[in-house]
Amino acid sequence: MGWSKNKSSVFIVERKLYLTDSDYAYLEKMLYIANRMYNTAVKHYKMMLNQFHSDALFLSYFESFQKLKEKEKTIENRKELAFIRKEIKEQVNDIYALAKQYELTEGNIYKFLGELRNRSYKNSINSAILQKLGSELSKSVNKCIVSTTREIHYRKFGETNSLCNKHDGSGFKYDAISDILYFGKGLKRKARLKPIRKNDKYLREAMLNKVKFCRVVRKPFGKKYRYFVQFTMEGKPPEKEKIIQNEKVGLDLGVSTVAFCNNKSADFIILADGIEKYDKLLKKYSRQAERRLRLNNSNCFNANGTAIKGKRPTVRTKGYKTAMMKLKTIYRKRSEFILLSHRTLANQIISVGNVIITEPMDYKALHKRVKETQRSDKPSTVKGKTVYKYKRKKRFGSSISRRAPSKFKNILSDKAIQSGGELIAVNSTKYKASQYNHITQEATKSLLGDRVKEIDNHLVQRDLYSSFLLYNMADASNIDFDKCHTNFNTFLILQQNVVEKIKVQGDSTKNFGIKHFI
């Protein structure tokens, strides 16, 4: 169960499907056809986009659009900014008007897929499901229209894992009385749903709402897939018991860790702690699948192991498919482990305080590699010579993938709102929680590797101290320094409790800097 993007009007409920061998084979076939049709449409629209981006009229529009975007960054006056943004909007409208002539609209994509189905896959996929597939492709095409660098991508073999209709009754139909999902041509096929447990009050109440549309999803379990149906329900989800406390808590959210603090509690926790066990299994089964694919498709690879351009591995043995299913299963378990870990941690923080004060983080920017090559400030000795090595361009991509901090932030925000609180983001350019010293009231920039700092002759952990400053907020741009002075001794006691806990549990990410407290 979960939320959709439009939280005010719809919510999602997931339930397991019980299928016969015939129905299972039918859905597998439909997903295979959907994958093939999507990739055929991608091939067609790649060519169309290349022609569109070569058009002289598009190039002139796009050049003007880029100049206006660069100009927008330098303007501070509100009236001038509003005028520039109006010009940008007009330029974008001109580009989309030209795209309409090249038949790159959502309606054209529906028409292309419909003709493709009638030509090559007659009586296969329902038109409502086909339209939803077209909508997914249309989103990718729209991103490429006002960009010459983005591309639409093919789906790998077996990567299409869901089928969705536009509205209940077309493609998939749920009968609430018999608790059965009907599907297939003429809605003649049917599948039972897993019965609702007697003590599951939430699900019982949720299923009383009207079904807007259904999505059938497959998930890997060992050697086979299991099918689930996700109901998008109209209205609001059943309300759980609200935590009426309105307690504030300062939260410093990093890439791999989270530190939180108020006058009652403080802690430093690793996000998705224990995820490493899945990383090891992913490497194992990925290597196993790759070896089996290369062994049975030796004509597609050179003697040095590199792939031969233009040749695609086509022989997929039973052993390869088994290894791939195991790999997909580990990915599913890993994803569910992260989700459960994040929800548990979010509940822990909400129990401390449901008014959460934090700094905004741009994780999309943090995962990108550094563009410019730079030399390190620290000297290194190589073969008896002192040299300054080049810095690695790698940043936080793998850590963000492993820990999913942005997902945690979204879950925490949702739970705070549901409990009657909120998530407040301070102005990071003015607040500077990671740099301020509440004694001197000065902001001093620290190095990324500095895990501790000295405040009033006391050693404080950097992230915990940031959460302490966030908790003592005056407004979104200023720290309440008087409040900091009053609460600092309490913070030091709470920090000592955290230090004792880390000494016992260990500092696996090395982000706490426990060595400084020993």
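Helix axes are lines fitted to C-alpha atoms over the stretch in contact, with angles running from 0 to 180 degrees between N-to-C directions. In this predicted model, helix H4, which spans residues 106-120, packs against H5 at an angle of about 130°, and the two axes lie 9 Å apart. Angles over 145 degrees would count as roughly antiparallel and those of 65 to 115 as roughly perpendicular, so H4 and H5 are oblique to each other. Their crossing is right-handed.

It is worth looking at which residues make up this contact. From H4 come Glu 106, Ile 109, Tyr 110, Leu 113, Gly 114 and Arg 117. On the H5 side, they are met by Ser 127, Leu 130, Gln 131, Leu 133, Gly 134, Ser 135, Leu 137, Ser 138 and Val 141. By character, the residues of the H4 contact with H5 comprise seven nonpolar, six polar and two charged.

Following the chain onward leads to Ser 147, which sits in the loop between helix H5 (127-145) and strand E3 (162-164). Is Ser 147 buried or exposed? Its relative accessibility is 10%, and because buried means under 20%, Ser 147 counts as buried.

The side chain of Ser 147 takes part in polar contacts within the loop. One is with the side chain of Thr 149, at 3.2 Å. In addition, a polar atom of the Ser 147 side chain lies 3.3 Å from the backbone nitrogen of Arg 150. Once neighbours within four places in sequence are left aside, the contacts of Ser 147 are with His 53 and Phe 62.

Key. Residues are numbered from 1 along each chain as its sequence is written. This is a predicted model: local features need pLDDT of at least 70, side-chain atom pairs count only at pLDDT 80 or more; totals for chains, interfaces and linings use all residues. Side-chain values use heavy atoms; hydrogens and water are left out. Helices (H or I, at least four residues) and strands (E, at least two) are DSSP runs, numbered from the N terminus. Buried means under 20% relative accessible area, exposed over 50%, partly exposed in between (1.4 Å probe, protein chains only). A polar contact is a pair of N or O atoms within 3.5 Å; within protein, one must be able to donate a hydrogen and the other to accept it, and residues adjacent in sequence count only if both atoms are side-chain atoms. Contact means heavy atoms within 4.5 Å. Angles under 35 degrees count as roughly parallel, over 145 as roughly antiparallel, 65 to 115 as roughly perpendicular and the rest as oblique. A crossing is left-handed if the near helix is turned anticlockwise from the far one by less than a right angle, and right-handed if clockwise. Ala, Val, Leu, Ile, Met, Phe, Trp, Tyr, Cys and Pro count as nonpolar, Asp, Glu, Lys and Arg as charged, and the others, Gly among them, as polar.
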